[in-house]
Amino acid sequence: MSVSPDVPVIALRGANGGGTDFSCNGIAQTADKCACQVKCLPPRCQNAVEICSTLQQCAIVSLNGKTRRASSWATLKAVRRGDETWSNETAAREQAERRQAI
């Protein structure tokens, strides 16, 4: 698999827009049960790309930095279902819904 060396979002399988969080017990390195987050390792968070490629539901690696080199955490994401357009409003609404569920 070949990916650009410096991009904040890496689309792997059939993803051309935003993704949705999923849980990955046993893989996640944070206490967040709603998302699959892993700590980036050199070189350029390649470990997150490799983990994503082994998970059937994973299609996107979203990084917390402006570049792969500057990123310290990656959130693995699944392709969004349906025709809903990913936007900042959608992300904010989903985050608020998760907080209410806790």
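## Burial and overall composition

Buried residues account for 31% of the 102 residues in the chain. The model is a predicted one, and the values reported here are computed from it. The accessible surface of the chain amounts to about 6500 Å², and carbon and sulfur atoms contribute 49% of that surface.

The chain contains two helices and five strands. Read from the N terminus, the order of these elements is β-β-β-α-β-β-α. Among contacts between residues at least 6 apart in sequence, 57% join residues at least 24 apart.

## Strand pairing

Strand 4, residues 60–63, pairs with two other strands. With strand 1 (residues 9–11) it forms three bridges in the antiparallel sense, and with strand 5 (residues 73–79) it forms four bridges, again antiparallel. I60 takes part in both pairings: it is the bridge partner of A11 in strand 1, and its bridge partner in strand 5 is K77.

Strand 5 also pairs with strand 3; four bridges join the two, which run antiparallel. Within this pairing, V38 has A74 of strand 5 as its bridge partner.

## Faces of strands 3 and 4

The side chains of strand 3 alternate between two faces. C36 and V38 point to one face and are buried, whereas Q37 and K39 point to the other face and are not buried.

Strand 4 presents another pattern, in which both faces are covered. I60 and S62 lie on one side, V61 and L63 lie on the other, and all of these residues are buried.

## The nonpolar core

In soluble globular proteins, nonpolar side chains tend to be buried together. The largest nonpolar core of this model has 17 residues, and the members that touch the most other members are F22, A48, V61, L63, A74 and L76. Strand 3, helix 1 (46–54), strand 4 and strand 5 are the elements that each give two or more residues to this core.

The contacts of A48 illustrate how residues from separate parts of the sequence meet. Leaving aside residues up to four places away in sequence, A48 touches V38, V61, A74 and L76. Of these partners, V38 and A74 are also bridge partners of each other, since A74 in strand 5 is the residue paired with V38. V61 is one of the buried residues of strand 4.

## Disulfides and cysteine environments

A search of the whole structure finds three disulfides. With the bonded cysteines numbered in sequence order, the pairing is 1-2, 3-4, 5-6.

C24 and C36 are joined with an S to S distance of 1.9 Å, and their link is right-handed, with 90 degrees about the S-S bond. C24 lies in the loop between strand 2 (19–21) and strand 3 (36–39), while C36 is in strand 3, so the pair ties together parts that are 12 residues apart in sequence. C24 counts as buried because its relative accessibility is 6%, and C36 is buried with a relative accessible area of 0%.

The disulfide of C40 and C45 has an S to S distance of 2.0 Å. This link is left-handed, with -70 degrees about the S-S bond. C40 is buried, with a relative accessible area of 10%, and C45 is buried at 2% relative accessibility.

A further disulfide joins C52 to C58, with an S to S distance of 1.9 Å. The torsion about the S-S bond of C52 and C58 is about -100 degrees, so this disulfide is left-handed. Both C52 and C58 are buried. C34, by contrast, is partly exposed, with a relative accessible area of 33%.

## A buried arginine

R68 is placed in the loop between strand 4 and strand 5. The relative accessible area of R68 is 3%, so this residue counts as buried, the cut-off for burial being under 20%. A polar atom of the R68 side chain lies 3.0 Å from the backbone oxygen of R44.

Key
Residues numbered from 1 in each chain as written. Predicted model: local features only at pLDDT ≥ 70, side-chain atom pairs only at ≥ 80, totals over all residues. Heavy atoms only, no water. Buried < 20%, exposed > 50% of the residue type's maximum accessible area, 1.4 Å probe, protein only. Pairing = 2+ DSSP bridges. Contact = heavy atoms within 4.5 Å. Areas by Shrake-Rupley, 256 points an atom, 1.4 Å probe, with all protein chains shown as cover. Disulfide = S-S within 2.5 Å. Core = buried A, V, L, I, M, F, W, Y, C linked by side-chain atoms within 4.5 Å. Polar contact = N/O pair within 3.5 Å; in protein donor to acceptor, adjacent residues only side chain to side chain.
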